[in-house]
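Student: Can we go through this one together? I would like to start with the whole chain and then pick out a single residue.

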Amino acid sequence: MKLSLASLALLAASASAFTTSPAGRASTRLAVAPGETKASEKVVQAFADKPEEDPEFDALVKSNFPGAINNRDLATRVVELLEEKGFDPSNTLLATSLCADELARVLEDEFVSIYGNNFNLGGLSGFPFAGNTGWGAMSAHVPDNGFCLTIHGPHVGITKEGQIGKVERSGIALVDNCCGSAIAASNYLKGITDGSANINPRIQQFTDFQQGAV
């Protein structure tokens, strides 16, 4: 099983860029990545025991998503760029807005191993469902005179045969949709276009409000 991120937005901002928290509010962030180890060294450690990319699968991904890079190269490039700007594990809060799918935890966990525990903003399809309250709370956790690295993006599966929107999951015979939430939303919109969708207010009900928003 492999996971390819079809879109990844990286936002680096200083703590002063966030003004949603009350003035004078004290920071509540924990020292989640203490020590003197540089982020570039942590990248090496994070991927030291991981196997190299399968060149055939890597080529398959890139043939469908030109310009795609693997997680190791992404983390390396991000860290190199941000270190030049003063970001390090002791002064940077990692925030993520990725899908709830467990497959999205791979990239998230790799960045956690570099920058420390993340503030999770995301939900289905990678939308930042934490909303204004979540962003306000997150901004209050940014270290004084420090930075926030926000990783956001939807995900899309690709099977070893090259089928887009599907993925093989460990222990499950079914070749599953990925991202199931995004595919369901796309199918609903398609149904509206061709007249086959059952449009009703239940799409906004609380028990499935994230999918309704997607």
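Tutor: What follows is a short set of questions and answers on this chain.

Tutor: The model is predicted, so local features need pLDDT of at least 70 and side-chain atom pairs count only at pLDDT 80 or more, while totals for chains, interfaces and linings use all residues. Residues are numbered from 1 along each chain as its sequence is written, and side-chain values use heavy atoms, with hydrogens and water left out.

Student: What does the secondary structure of the chain come to?

Tutor: Seven helices and eight strands. Helices (H or I, at least four residues) and strands (E, at least two) are DSSP runs, numbered from the N terminus.

Student: And how much of the chain is buried?

Tutor: Of its 214 residues, 37% count as buried. Buried means under 20% relative accessible area, exposed over 50%, and partly exposed in between (1.4 Å probe, protein chains only).

Student: Now Asn91. Where is it?

Tutor: Asn91 sits in the loop between α3 (71-84) and β3 (92-97).

Student: Why does Asn91 count as buried?

Tutor: Because its relative accessibility is 16%.

Student: Which residues is Asn91 in contact with, leaving aside neighbours within four places in sequence?

Tutor: Gly86, Pro143, Gly146 and Phe147. Contact means heavy atoms within 4.5 Å. A polar atom of the Asn91 side chain lies 2.9 Å from the backbone oxygen of Gly86.

Student: Different topic: how many bridges join β3 to β5?

Tutor: Six, and the two strands run parallel. Strands pair if DSSP finds at least two bridges between them. Ala95, for one, has Thr150 in β5 as its bridge partner.

Student: Is β5 mostly covered or mostly uncovered?

Tutor: Mostly covered: in β5 (residues 147-152), five of the six residues are buried.

Methods: Polar contact = N/O pair within 3.5 Å; in protein donor to acceptor, adjacent residues only side chain to side chain.
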